[in-house]
Amino acid sequence: MALAGGALSLHAQHRPTPAAKAKAPTKADPAMAASITRGAVVYKNVCITCHMADGGGVPNMNPPLIKTEYVLGDKARLAHIVLAGLAEPIEIDGNDYKQHMPAQNYLTDQQVADVLTYVRNKFGNKASAVQVAEVKAVRATLPK
Amino acid sequence: MPALAGSLALVASHPTSVRVAPDPNNAGLKLPAGFGALVAAETGGKARHIAVTPQGVIYVKLNKVKDGKGILELHSQPNGKATMTGGFGDYGGTGMYEKNGYLYASSDHAVYRYKLDGKGEVTAPTKPELLVRGLKVGSQHESKSIVLDNADNLYVNIGAYANACQEQDRTRGSKGIPNCPILDSAGGIWQFKANQLNQRYPDGTRYATGLRNVVGLDWNPQDNQLFVMQHGRDQLHDNWPELYGEKESAALPAECLYALTKGSNAGWPYIYYDQQKKELMKGPEYGGDGKTPSTADYLKPAAAYPGHMAPDGLLFYTGTMFPAKYRNGAFIAFHGSWNRAPEPQAGYFVVFQPFKNGKPDGQWEVFADNFAGSAAKAASGRADHRPCGLAQGPDGSLYVSDDQKGTIYRIVYNAKK
């Protein structure tokens with residue numbers, strides 16, 4: 001128990017929280033604010049059916065986008081899910097989500113960056129923007 | 001003692017109508033006049049289909065094993081509440097059905113049965129008989145729902161592991177695969193023997209095909225026929241935005257009730273049913289444009305309901321507790337939609353479909369509503385409860401399971417008929 005407690009608190013102290021890394025979309029960061037605005041349009045056109053208007057997903061089928069490591073963590077992994085899809089079931093908080101996510105590789109790098117910046121700062125999330133260059137780099141790794 | 005004797009005499013004078021007291025708030029449900037509801041039990045599990053034995057023992061199949069149990073056993077108390085008395089089965093799943101002294105259960109791969117004793121209790125909970133194994137399962141439409149006819153046949157839904165048999169599932173603009181290969185082993189109802197062990201695909205018959213996914217199904221005792229509720233295809237707009245608007249896509253296609261016979265073909269993935277045009281339409285993956293009816297000879301639905309409401313339970317009511325209009329009609333549990341956004345979500349209720357002589361007759365109506373908890377929770381898809389399984393108690397009560405929070409509802413009729 002002592003070990004577990006110590007490990008947990010260590011984890012909490014040293015792991016930068018997404019909030020700490022995030023830049024708030026304020027007037028000080030008009031580029032991020034604009035990206036979020038454009039991303040909202042992409043979300044409504046492409047993502048909303050499965051992940052729902054509130055980002056909460058659908059039980060047993062489509063995972064929530066709210067405060068999960070998948071969304072707030074590694075940006076390259078997140079961009080990869082959008083560009084290549086996700087075929088494996090995933091588990092979040094003890095719930096399984098099994099439906100395949102289709103690849104959305106017809107979206108431009110800009111659209112992917114915008115929609116990911118949007119979901120990382122919507123639904124109670126707060127995390128750094130995803131840059132076009134980051135999406136481009138992931139796309140370059142995928143089979144043509 | 002005099003009071004007790006009095007109440008006993010009262011019960012004895014109404015042998016067919018056991019007076020179970022509804023909860024003061026009818027368990028949060030909205031019901032027609034004269035009906036009441038109570039929370040029979042809170043299981044805390046993902047309660048899929050349910051079965052009630054003639055002795056009143058309630059069995060609940062959980063989608064996911066909870067505390068080592070995939071099937072829960074409950075016993076009813078005289079006040080209508082049910083007490084959890086045990087559990088067994090180390091597998092999740094959906095199917096739960098009782099007939100002629102056996103309890104049938106399914107995982108997402110297999111069907112089992114358990115012998116019941118004279119009290120309706122499972123005799124060997126750790127030693128089920130494996131009836132069918134090796135059923136196809138993908139990452140969607142995994143449920144293997146089950147029902148029996150009166151001739152020892154077992155019917156098993158094997159859902160299609162795709163939305164519309166596209167080259168790339170649910171992908172914008174992806175075409176349908178010709179002669180959809182999924183239909184060989186899924187996308188239909190398979191018939192097996194209810195009393196033969198270790199059956200696999202070659203031992204069964206593809207009884208009906210072209211059914212994308214069926215969760216609610218029941219055997220109609222009036223015309224001795226299998227009826228199923230299909231979950232219609234999703235995402236017309238998402239995948240074909242140039243052909244379907246958001247509103248059309250939220251409304252279409254219908255969730256369909258089919259009356260099946262051996263060899264029926266309901267046409268998935270090549271067609272869908274448009275309940276507004278009342279036509280079978282060519283699917284957009286197979287050359288359709290949203291306007292062109294199909295000329296192919298596929299089975300037409302016996303009745304149609306609004307799109308995406310996800311019918312997960314079907315029950316022909318044969319009891320005498322409810323008023324006469326309900327007898328031999330169908331109750332349908334609509335689990336509730338997800339792919340209607342940005343339109344409001346819908347469903348999360350139990351519908352009554354009148355029947356006459358074994359065929360749907362007249363307009364369906366919402367029977368039990370407000371499982372979601374409020375109109376706003378239904379519209380957002382964040383329902384408190386989602387109706388899934390239906391079963392009839394020995395007294396004619398209607399049981400409804402909820403796979404969101406695990407509530408078991410019992411609906412009773414208390415007014416004078």
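A:Met52 sits in the loop between H3 and H4 of chain A, where helices (H or I, at least four residues) and strands (E, at least two) are DSSP runs numbered from the N terminus. The model is predicted, so local features need pLDDT of at least 70 and side-chain atom pairs count only at pLDDT 80 or more, while totals for chains, interfaces and linings use all residues. Residues are numbered from 1 along each chain as its sequence is written, chains are lettered from A and ligands numbered from 1 in the order in which they are written, and side-chain values use heavy atoms, with hydrogens and water left out.

With a relative accessible area of 3%, A:Met52 is buried (under 20% relative accessible area, against over 50% for exposed and in between for partly exposed; 1.4 Å probe, protein chains only). Leaving aside neighbours within four places in sequence, A:Met52 is in contact (heavy atoms within 4.5 Å) with A:Tyr43, A:Cys47, A:Gly57 and A:Val58, and also with B:Trp338, B:Gln345, B:Ser380, B:Gly381 and B:Arg382. A:Pro64 lies 12 residues away from A:Met52 in sequence and 8.5 Å away in space, C-alpha to C-alpha.

Turning to the interface, 24 residues from chain B and 24 residues from chain A take part in the contact. The area buried between the two chains is about 2000 Å², with 45% given by carbon and sulfur atoms; buried area is the accessible area (1.4 Å probe) that two parts lose on being put together, summed over both. On the chain B side, B:Ser139, B:Trp338 and B:Arg382 lose the most area to chain A, together 31% of what that side buries.

The empty spaces come next. They were sought on a 1 Å grid over the protein atoms alone: a cavity is a set of points where a 1.4 Å probe fits but cannot get out, a pocket is an open set with protein on both sides within 12 Å along at least five of seven lines, and lining residues have an atom within 4 Å of a point. Grid points are joined across faces, edges and corners, and a volume is the space filled by probe spheres set on the points. The whole structure holds 3 cavities of 30 Å³ or more, and the largest cavity contains about 590 Å³ of space. Its lining has 37 residues, of which A:His51, A:Leu65, A:Ile81, A:Met101 and A:Gln104 are the closest to the centre. H3(A) provides the largest share of this lining, 6 residues.

The largest pocket has about 880 Å³ of space. Among its 43 lining residues, A:Asn60, A:Met61, B:Arg48, B:Asn63 and B:Glu142 are the closest to its centre. By class, this lining has 7 nonpolar, 21 polar and 15 charged residues (Ala, Val, Leu, Ile, Met, Phe, Trp, Tyr, Cys and Pro count as nonpolar, Asp, Glu, Lys and Arg as charged, and the others, Gly among them, as polar). For the lining of the largest cavity, the division is 23 nonpolar, 10 polar and 4 charged.

Finally, the largest nonpolar core (buried Ala, Val, Leu, Ile, Met, Phe, Trp, Tyr and Cys residues joined through side-chain atoms within 4.5 Å) has 44 residues, and B:Leu154, B:Ile189, B:Leu211, B:Leu226, B:Val228 and B:Leu260 touch the most other members. Strand S11 (residues 153–158) of chain B gives the most to this core, with 4 residues. A second, separate core of 29 residues includes A:Met32, A:Val82, A:Ala113 and A:Val130.
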